Amino acid sequence: DKVLIVEGSSDKKRIAFLLAEPIEIVCTNGTISPYELEELLNPYEGWDMFVFVDADDSGEKIRTLFKREFPLAIHLYTEKVYKEVATTPYKVLAEALFGANIKVRSEYLH
């Protein structure tokens with residue numbers, strides 16, 4: 001089982017559109033405390049965990065928290081030029097997801 005953590009619902013919708021396999025997508029809804037993060041992700045203990053957050057200060061704070069609290073999580077990155085997952089082109093998102101062995105809709109690759 002796989003769980004993908006994003007910041008907001010617009011990120012979730014954009015990524016869900018690209019997926020070609022069932023993956024649970026969980027929103028942090030912005031900055032989150034270590035306790036809230038643990039509560040949010042408790043149902044997914046033992047799952048493969050992927051973190052895909054914005055390339056901004058808020059995203060970096062969440063990423064730092066994940067690296068400390070969930071060191072086995074796999075981090076996916078958008079290019080800084082796009083700043084947000086929600087504004088990143090589908091092709092760029094698809095390549096990042098595919099690079100992490102997540103199945104995506106083939107029409108968005110290459």
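Select strand 1, residues 2-6, in this predicted model. Strand 1 is mostly covered, with five of its five residues buried. Show the side chains: Lys2, Leu4 and Val6 point one way, while Val3 and Ile5 point the other way. In a regular strand the side chains alternate between the two faces of the sheet.

Next, add strand 3, residues 48-52. Strand 1 and strand 3 pair in the parallel sense over four bridges. To find the pairing on screen, pick lysine 2, which stands opposite aspartate 48 of strand 3.

Now select strand 2, residues 24-27, which runs parallel to strand 1 and is joined to strand 1 by four bridges. Here leucine 4 has isoleucine 25 as its bridge partner. Add helix 1, residues 9-18. Strand 1, helix 1 and strand 2 together make a right-handed β-α-β unit.

Move on to helix 4, residues 90-99, where Val92, Leu93, Ala94 and Leu97 are buried. What do the buried residues of helix 4 pack against? They pack against strand 1, helix 1, strand 3 and strand 4, the last being residues 74-76. Just after helix 4, select asparagine 101, which takes a positive phi of about 65°.

The last stop is leucine 37, in helix 2, residues 34-41. Leucine 37 counts as buried because its relative accessibility is 0%. Leaving aside neighbours within four places in sequence, leucine 37 is in contact with Ile32, Leu65, Phe66, Glu69 and Phe70. For a distance across the model, pick the C-alpha atoms of leucine 37 and aspartate 57: these residues are 20 apart along the chain, and the atoms are separated by 18 Å.

Terms used:
Residues are numbered from 1 along each chain as its sequence is written. This is a predicted model: local features need pLDDT of at least 70, side-chain atom pairs count only at pLDDT 80 or more; totals for chains, interfaces and linings use all residues. Side-chain values use heavy atoms; hydrogens and water are left out. Buried means under 20% relative accessible area, exposed over 50%, partly exposed in between (1.4 Å probe, protein chains only). Helices (H or I, at least four residues) and strands (E, at least two) are DSSP runs, numbered from the N terminus. Contact means heavy atoms within 4.5 Å. Two strands pair if DSSP finds at least two bridges between them. A crossover is right-handed if, with the strands pointing away from the viewer, the path from the first strand over the helix to the second runs clockwise.
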